[in-house]
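Thanks for coming, everyone. I'd like to walk you through one structure today, going from the whole chain down to a few single residues. Let me put it on the screen.

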Amino acid sequence: MITLVLARARNGVIGRDGGLPWHLPADLKRFKALTMGKPMIMGRKTFDSFPAPLPGRRHIVLTRDRTWSAPGAEVAHDVAGALALAGEGPVAVIGGAEIFDLFLSHADRIELTEVDAEPAGDAVVPAFAGWREIDRQTHPAEAGRPGYAFVALMRAGAVNPNCC
C-alpha cells in the first residue's frame, strides 16, 4: 500500500523555502505516527529539509542527480527504483510536490492535513480529483495557529477503506 502523507493549505501550498509555512504540533505528531516503521519516499529537497534522518524510518530519496548521496539516505533515480527499494508492505510518500505528482497514480490512500490558511509558498499541490473522503477530524484555530482537518482519502472505486 502506498500512502501520500502531506499537509496542504486551501490554496494548495505545501511548502515555502524548504520548510512548512505553518507550525501545527498535532500535524507533526500525526506525521510521525503515520510514517513510523515504514519506508518513506521523498525528493532530495525534502530530505535536505530535515536536520537529520528521522528515527525509526527508512529514507528513500528520489533524485535525478546520479552523484548525490547522504548518510541515512537510500538513493533511487526513478519511481520503479524507489518502489523496489521500499519492498513489500506499506510505503509513505512524503513529498515534495514533484514526488507527490509522480506517485499519485500509484497511491492507494492519501492522509491529508487540510490547513485552513492561504500562505505564500513555492511548493504547491493541486486538489485531489478522483478520490473519496473516508474520514475527517476537524480542529479549530487555536493559539494563533490556523484550524485544520485530518482527512483520509481513498481512490474512488476502491472497496476497503481500512486497507492501508
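Let's start with how much of it is covered: 43% of the 164 residues of the protein count as buried. Buried here means under 20% relative accessible area, exposed means over 50%, and partly exposed is in between, with a 1.4 Å probe and protein chains only.

Before I go on, a word on what you're looking at. This is a predicted model, where local features need pLDDT of at least 70 and side-chain atom pairs count only at pLDDT 80 or more, while totals for chains, interfaces and linings use all residues. Residues are numbered from 1 along each chain as its sequence is written, and side-chain values use heavy atoms, with hydrogens and water left out.

So, the overall build. The protein has four helices and 10 strands. Helices (H or I, at least four residues) and strands (E, at least two) are DSSP runs, numbered from the N terminus. Reading from that end, the order is β-β-α-β-α-β-β-α-β-α-β-β-β-β. The radius of gyration is 15 Å, close to the 15 Å from the globule rule for 164 residues, so the protein is as compact as a globular protein of that length. That radius is taken over C-alpha atoms, and the rule is 2.2 Å times the number of residues to the power 0.38.

If you prefer a box, the C-alpha atoms fill one of roughly 45 × 40 × 25 Å along the principal axes. The exposed surface is about 8,600 Å², with carbon and sulfur atoms supplying 54% of it; those areas come from the Shrake-Rupley method with a 1.4 Å probe, and for residues only the protein chains shown count as cover. As for contacts, meaning heavy atoms within 4.5 Å, take those between residues at least 6 apart in sequence: 61% of them join residues at least 24 apart.

What does the record say? An unreviewed UniProt entry carries the annotation "domain: DHFR" over residues 1–155. UniProt positions are in the numbering used here, feature names are shortened, and annotations may be inferred rather than shown by experiment. Over residues 1–155 the chain is 21% helix and 36% strand, and the end C-alpha atoms sit 12 Å apart.

Now the sheet. Eight strands form an open sheet in the order S5-S4-S3-S6-S1-S7-S10-S9, and the pairing is mixed. At the edges are strand S5 (73–76) and strand S9 (131–139), each pairing on one side only. On average, neighbouring strands of this sheet are turned by 25° against each other, direction ignored. Two strands pair here if DSSP finds at least two bridges between them. As a reminder, strands of a sheet pair through backbone hydrogen bonds, either parallel or antiparallel.

Have a look at S10, residues 148–155. How many of its eight residues are buried? Seven, so to speak mostly covered. S10 pairs with strand S7 (residues 109–115) in the antiparallel sense over seven bridges. Val115 has Tyr148 as its bridge partner, and Glu114 has Ala149. With S9, S10 again pairs in the antiparallel sense, over eight bridges; Glu133 is matched there with Leu153.

On to the helices. Helix H3 (residues 79–86) lies across strand S1 (2–9), strand S3 (39–43), strand S4 (58–62), S5 and strand S6 (91–95), and runs at about 170° to S4. Axes are lines fitted to C-alpha atoms, for helices over the stretch in contact, and angles run from 0 to 180 degrees between N-to-C directions. Over in helix H1 (residues 25–35) you'll find Lys32, partly exposed at 48% relative accessible area.

Last, some backbone oddities. Most residues other than glycine have a negative phi, and most peptide bonds are trans. The bond from Gly95 to Gly96 is cis, with omega near 5°, and Gly96 is in the loop between S6 and helix H4 (97–103). Asp17, in the loop between strand S2 (13–15) and H1, has a positive phi near 55° and counts as exposed at 69% relative accessibility.

Ala143 also has a positive phi, near 55°. Ala143 lies in the loop between S9 and S10 and is exposed at 71%. Gly144 is in the loop between S9 and S10 too, exposed at 85%.

That's my tour, thanks.
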